[in-house]
Structures are given as structure tokens and as C-alpha cells.
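Notebook open, model loaded. I want to go through some helix packing first, then a couple of sheets, and finish with the overall build.

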Amino acid sequence: MKYILDYDAYRNTAIEAISEGQVLLKNDYGVLPFKKGSVISVFGRMQFHYYKSGLGSGGMVNVKKVTGILDALEESNDVKIYEPLKKIYKLWDKEHPLEVGCGWGADPWSQAEYDIEEEAVADAAANSDTALVIIARTAGEDQDNVDKEGAFKLYAEELSTLKKVRKAFSKVVVVLNIGNIVDFSFMDEVNPDAVLIAWQGGMVGGYGTAKVLLGEVSPSGHLPVSVAYELEDYASSSTFGRTEDLFYEEDIYVGYRYFETAAKDKVRFPFGYGLSYTEFSIEPLDIKVDITSDGVKISQTVEVMNKGRFDGKEVVMQFVSAPMGKMGKPSKVLTAFTKTKLLKPGEKQVVSLVSVARDFASFDDAGALGLGTAWVLEKGGYSVLVGADVRETSYSGSFVLEKDICLEKLESAMAPVRSFERMKAVVCDMPDDIPFMIKEKVPTRKVSMSKKRDERIPKAIPMTGDKGYKLLDVKNGKVSMDDFVAQFSKDELVSIVRGEGMGSPRVTAGTAAAYGGVTDSIEAKGVPACCCDDGPSGMRLDTGALAFSLPSGFLLASTFNTELIEKLYQFTSVEMVKNNVDNLLGPGMNIHRHPLNGRNFEYFSEDPLLTGAMATAMLKGLHYAGVTGTVKHFAGNNQETKRHFVDSVISERALREIYLRGFEITVKEGVADSFMTTYGSLNGTWTSSCYDLNTVILRDQWGFKGIVMTDWWAMTSEEGGKGERNNFAAMVRAQNDLYMVCPDSSQNKHGDNIEEALEKGTLTIAELQRCAKNICGQAMNMYAFERLIGNPAEIETNDTDDSFKEEELDVEYVNAGKDFTLDLSDREFKGGDEILLGFDFETMGMCKIAITASSELGELAQLPVSVFYSGKVYGVYTFNGTGGKPMTIEKDMFVHSRHAVFKLYTPVNGLKLVNIRFKFF
């Protein structure tokens, strides 16, 4: 196998995707694009600090350089930046350093802003043509956004600056470098001429935004969410953020499904909204509706014409409006979409849209139609609509079903155990037939998951001992997977369900986990140690190794261009092979239930079909070079607040139609082979241990073939029981194959209960064998397998600007006991130097980390040493001059992985390291 990793083409494809994901909300008087040669005054300190991604595991990618919007504009030479204003901001920025968080999830999501003086604004207005105001927010894991200044709302200083700029300038453009939507009421208060959402575009994000601002590309991004006027307008607002019982009372009425049905007047920007520099007409042509006893298929063609003056692309969406019927339904749902090629002024293109019954069917969890628990189409009239967004649509055609149709009858699974009331849309027998919302009781679980499991325990494969079979023999069809797994001893079966990490020495240093060949004896059977790494916005390599930082999922969904996303992730696929990474932990597929979810930047949309299509494209791209991605978080992880503990209570209908649907699409498209469950509980049981979720729905009903892993250090539980981190038996019974992660898969240092459960009979060897078959079957198709059998890929790289040229990183792991000191006196440590230290810890948990150093500088000297762990700063040790005598500073820290890489960094000269000591409590 030979692949070319052309970083130049990688960059250009990313920039193309970023450009297509820019969403233009307003452009009065054609203020954008900037006129060539014009002078631009840039306001906002974040012009120097572009947010390439959100925080947490989804964005921790090491890069040499991030190109922001200002950088790209200056490089273009098409416009001039007003330098006196830039100098004012540069000085203020230097005098007011960015706030930097210390530890996981501790970084601020915004930065204090300069309330610039009116005189400076007036000077800029007198000497430039247009004001560009850059406002930035990031987002991240482990916390949600809040409805406060500097978070969802603008800082008072930001609003003040906008008002001063509006007063002084005739042309005002606002660009939002954001990971999630914000409060757009500033548009009413300030009335800027143009507003562009730039999202977070990764390491080359500024180039993509600049291409749109300069008119090299006409914006073609469309909102993958609805934007309401007020937070309380969202149907989920009454329960979002709860810390215990999180009832999804809005049920299926998420995003536009609610607004277009019952609250159109609450919407500022509808789902799919996005302006262009040109104008398009969208005209339905032919439509064909095939109705059979098994369902419906809709095929139509649509003509798109560029009627404006710029080249551009347009998105075409198909919606179906179903009869309200007995069940109640949204007024319309997205059933298909596509994007045109680049159309020149006057050029036309005919596009095709196809949808099937499941794209607009309802899941009857109450048996309202008398057809059992099933996917159904209710009798009545259906309308087909097309347009560029959910609001501006044209009628394409209609059809009538004379009777209810059962598309697929299914065993009920994952119904809630506690009753609550949910929204339901109904209509009166009035001429206008306007829907309104009532409440109805949610059906609850009739058969326990434990009963289903007890009735369906697989038969054990007789254990044969080692017969010399290798996994390659299974791959070549010489032996069955059953015969291969029959060789596994009890110890090997116990070990293989323990993912090892973080930073397992069996795989690429600084990555998240190893799975598969996690012991010598398992690897000797030809099972590779597959490497998992955090994603999806690029590879997180905690050694400091460089990787390509990709645009956020929110931005990618805004492109509505699945072909482009697949192409982009083909480059990522080759980059992963180059780094011996087999499984990127993404795409993130949770639904945008509410705009304050801290991790929305990583997820695609409020719509499940768009979510499923984008994830499918990403996975297809990753499969290009024989690697894969893990779809996450399965399922119902739609807020970060108390995500380890909160119980999400969701009806089976809402799960099937909204929160599981995107995941189902990736399985039915044949691209998903790796799932990750959530941290939290869903309908009374932690998802890692849900038999209904991981076996009944995922495998039995959808036909999934692959692995399921927990999130890192997730809790497990008995059905309806409390969460605990050592109940691996419950996880295995549910057919969640892998616990992520354990410090050493060959030893039970973490104290799981597998062997105890085997002795008690609450877990069977057969269930462990089932997990082993899933793991080996998936590993057999990974690039790691090719490496193990001596068929590594040859990678040729091309990188004209050396963005990814780096020194070879060689981390040697040192065995470290409970009280361990490492001598550093022979290490040179100058300003800008980094020292990588690898440790194989005997234990984990809370410890004191003490650094001893000396300096000949004066006592007022400030000599900071930053300690990075898991890719984050976990402590800054600031020394002063010590007169040459050793001085020790210690801090408490939690070490969560046995195989750990630490990085020491200092920005200044004058400090001599003596040693570093780890003392565990």
C-alpha cells in the first residue's frame, strides 16, 4: 500500500470546506465582499487570537501555526489593514494577557475585551472604508454555556465597541469566530450592515473566512440549526441543565420540528438559512412517488439557476409534510438534501433528490395505530416541498395514503421506566388547521432488560486451548471466528475487554488507548493492538507531535456538502496511517437539543438526517486508507452539566426518531464499525450497561457488526442501579465490548468484577467470548492488522511550507513507584525548550509533584515552568532567583493513566532543573 499525504492539497481542501461552511446572516447594501484596495479597520482583541476549535478531547490538536482572519487578510494584499488601530489593540492586548486555565476543562470560553475610546474609533473611521468587528467564543467539554455576559451574551465592552463603531462608520461588518450560536440581539440593538458566522475552522480557518470576505468565494453555508430570538423560546429550555432527572418533555419537537409546527414567530433565523453574494431560483421539475404495501419512495428533480452576478453554490433541501393523524407530527421534516456544483451567473443545474418512507415515518411507541410498536406511515395526505431552508420552500407534489402502513414492527427497547408527560401536536377541525401543543403520557417499559438478557444468553464455545490458529487464518477463511476464539483462555477473555491507556506503550505514544492485542499472548495469536486517538477535529497527540487541526463539526455541517467532507477526511485517513493511529474517536453525533450545550461545536445539527449524512461522509473518508472512526456518544448525551450522573429520560419515540436516528443511518449505510457509549444514564441505566441499547437495538435490530466501547473511565451499572466504575460484568452482559481505559489490561489493578461475576454465575464465558469475537472481527479490518502481518503502508509526504516538519519525538518510559524521583540535572533547559518525560507508574491517583530547580538570577526574576499532562497545562511552577541554591515547589495533581507523558516547558532562560518527584497519597 502506498499513499501520498499532500499537505498542500490537505490545506486547500480544508480551506474549501471552511469557505463553504461560512454562514452569511445579513448583507445590507452589498457591504460584503470587501472592495479590492479598500482600507479595513479591525476591532476586537480576538483578531490576534483566533479560536481554531473548541476545548477538551475534541480539539486538543498540536499545530505549529494557526492562521486567523486578520492573518489571512494581511497575507492577501487585496485590502489594507488600518495599522494605527491595530497598534492600539496590540498594545492593549500585551498589557492585558489572555486568561489561561489550568487543568482539564478549566480554560475560559471568552476573553476580556477592550472598550476602545471614541477618539480611536473616529480616527479609524476617517481613515478607512469599512469596520470589521471580530467577536470570539470557544466552547468545550465538561461544562455548558451560560446565559451571561461574556458567554452566550456579549460583554458590555463588546456591545459598547459595536455601538461606537456603528455611530462612526457607514459600513460595519461583524464576524463571529464561535463554536456555538450566541445571543444575536446585538443585531437589533446595533444594526450592523453584515454579519458572518465564521465558526471554528481549525488551523487554517482564517483563510477560509478571508476568501468569503474578499469575494474569492461566495458564501454557501446554511444553518444546521434554528436560531430563536430568546433562549426560553426553545422547547427544551424548561429542562435543559437539570442535574438529576432530565426529562425530555419536548419529545420529538426539537429545533425546527417545534418551531415550524407551533412557534414560527419565535425564530430569528430558520433551519437552513444562509445568504449568498448571488441569487438562485429553485424550481421543482418532475416528481415520482412510488407507493407499495411496504412503503413510499419519492424521487424528484429540481432545477437550480444562478440569477445573480457572482459564481456560487446553492443547497437544495427536500421536506415532507405528513398528516397530523392520531400520533401528532412536526409540520415538516428534512428527507433529503444536496448541493450544486459551482454555478456561473445564468448557469443552471438539475439536481436529484430521493427519499424513502423511513425518512419521514413516525415511531409508534404507544401502539396508537393498532400496529404494535413499529415504524409507521399514517393514512392521509402528504406534501413534498423543496427549498434552500425550512421556511422558504416551494410545493413539489403530494400523495395520499388510503390506509396506515406498518414499515417495520420492532420489539420495544429503551422505553423509559418512569412515566412523564410529553408534547404532542394536534389540530382542530378548523379551516386553518393550525397545530397547537398538548401533553400526553409517555409509555413506559414493559419488559426489563435483564429478562431479555437472561433469555438470550449465547451458547459458550467449547474452549480448546491454543491450536495454533492466527487471526490471519480467519481473515483468509481458513478457520471460523468461533474456532479462533475457542483458543482464548479465561485470562485472555478477561483481558481483551479491557482497553489499555491512556498512553499505552503498545501503540503510538501520547494517544488515548490500545485495544485488541493488549497482552503478549493475545498479540501472539495475531490480534493487533489497535490505536485509538481523540478526535474528531484532528489527532490529539499528547507527546506534542503535530497533526492537522480540522474545522469543527458545526462548521462542516453548515456546508451541506457530503462529498467535500468525505474528501477532507481522506487526507485525515492517510495522516492517521502515517502516525499508526487506527481509530479516531469521532464523529460526534449528538443532537443540538439546546444552544447552551457546551459540546455543540463538535456535533453537527439539530436534525438527525443531516447528522447521519455528515457522519457517514466522514467515516467514508476515514476508511480510504484502512482506518476508521468511532461514532459517539451513544446516546442521549445532549448536555455537559453532570454528564456522568444525570439520567436522561426520553420516550422511545423521541429516541428512535431523533436521538438514535443519525447513528442508525451510519449503520444502515455500512460505514460504522465502532461505537462509543456515553458517560451518563439513559432511562434509568448507564448507557455502557444498557442491553436494549447495545444489543437489542444496535445489533439485533440494526444489524451492526463491530465494537462498542465506553467513554474514558465511564460508569457502569446494573439495570436501574447506581453508577460505579468497576462493574465490568454489567458492561459485558450488555455487549458493550470494551471498557476504556485500564492501566494494564493484563492485570486487575483497577479492581473490576469480571472474575468475581464469573464465579458467581452473574456473567458467562459465552458473553466474554461474544465480546472477543466482536473485537477481533473489527481489529482484523484495521490498518493495525496490516502492520502486524508485515504489510505496512508507504507514505510519501509533500509539505511546501513545512507546517508539519518536526524533530523526531522519542519518549522513553521510566518505571515509577509510589515515591519516585527523576534526576534532571543533566538536562539543558533554555527559554523555549520542552522536555518530554514518559512514566510507567506503579499506581495512579492523587499525588504531589515536586520540581526542584535553581537559578543564579536575582530574587525578583520570574522563571515559570509549565507542566503539561494529557495535552493540558496542569500546573505552572514559578521560581525566582535562588542564589544558586536548589528550591522546591510542589503541587497536587491527579494522575489518571499508568502510561503517562509529561512535558515541561519554560519560556525564559536562567533556570537549572535538579529533579522532579512524584509522591502518591
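Which residues of α16 meet which residues of α18? I'm working on a predicted model here, so everything below is computed from that.

**Entry 1: α16 and α18.** I listed the contacts from both sides. From α16 come P608, L609, G612, A613, A615, T616 and L619, and they meet R661, G662, I665 and T666 of α18. Sorted by class, that contact has six nonpolar, four polar and one charged residues.

Next I looked up the geometry. General reminder to self: a packed helix pair is described by the angle between the axes and the distance between them. Helix α16 covers residues 608-622 and α18 covers 661-668; they pack at about 40°, and their axes are 8 Å apart. That angle makes α16 oblique to α18. As for handedness, α16 passes α18 in a right-handed crossing.

**Entry 2: α15 and α16.** I stayed with α16 and checked its packing with α15 (residues 562-578). The two axes come within 6 Å and cross at roughly 35°. This crossing, α15 past α16, is right-handed. On the α15 side I noted T562, I565, E566, Y569, Q570, T572, S573 and M576; on the α16 side, A613, M614, A617, M618, K620, G621 and L622. By class I get eight nonpolar, five polar and two charged residues for α15 with α16.

One residue turned up twice in my notes: A613 is listed in the contact with α18 and also in the one with α15.

**Entry 3: α1 and α15.** How do the axes of α1 and α15 cross, and within what distance do they come? Helix α1 spans residues 7-21, and its axis crosses that of α15 at roughly 145°, coming within 9 Å. Here the crossing is left-handed. I found Y7, A9, Y10, T13, A14, E16, A17 and E20 of α1 meeting L564, K567, L568, F571, T572, E575 and K578 of α15. The class tally for α1 with α15 is eight nonpolar, two polar and five charged residues. T572 is another repeat: I have it facing α1 and in the contact with α16.

**Entry 4: a four-stranded sheet.** On to strands. I traced an open, antiparallel sheet of four strands in the order β37-β44-β39-β42. Its edges are β37 (819-823) and β42 (887-895), each pairing on one side only. From one strand to the next, the twist averages 20°. I then followed one pair: β39 (residues 845-854) runs antiparallel to β42 over nine bridges. Within that pair, G845 stands opposite V895 of β42.

**Entry 5: a three-stranded sheet.** I also looked at the open sheet β16-β17-β20, again with antiparallel pairing. β16 (362-364) and β20 (405-409) are the edge strands with a single partner each, so one side of each has no neighbour in the sheet. Neighbouring strands are turned by 35° against each other on average, direction ignored. β16 pairs with β17 (residues 374-377) over three bridges, and D364 has A374 of β17 as its bridge partner.

**Entry 6: the whole chain.** Last, I zoomed out. I count 23 helices and 44 strands for the protein chain. Its radius of gyration is 28 Å, close to the 29 Å the globule rule gives for 921 residues, so the chain is as compact as a globular protein of that length. The C-alpha trace spans about 80 × 75 × 50 Å along its principal axes.

How values were computed
Residues numbered from 1 in each chain as written. Predicted model: local features only at pLDDT ≥ 70, side-chain atom pairs only at ≥ 80, totals over all residues. Heavy atoms only, no water. Axes fitted to C-alpha atoms, helices over the stretch in contact; angles between N-to-C directions. Helix = DSSP H or I, 4+ residues; strand = E, 2+ residues; numbered from the N terminus. Parallel < 35°, antiparallel > 145°, perpendicular 65-115°, else oblique. Left-handed = near helix turned anticlockwise from the far one by under 90°. Contact = heavy atoms within 4.5 Å. Nonpolar A, V, L, I, M, F, W, Y, C, P; charged D, E, K, R; others polar. Pairing = 2+ DSSP bridges. Rg over C-alpha atoms; globule rule 2.2 N^0.38 Å.
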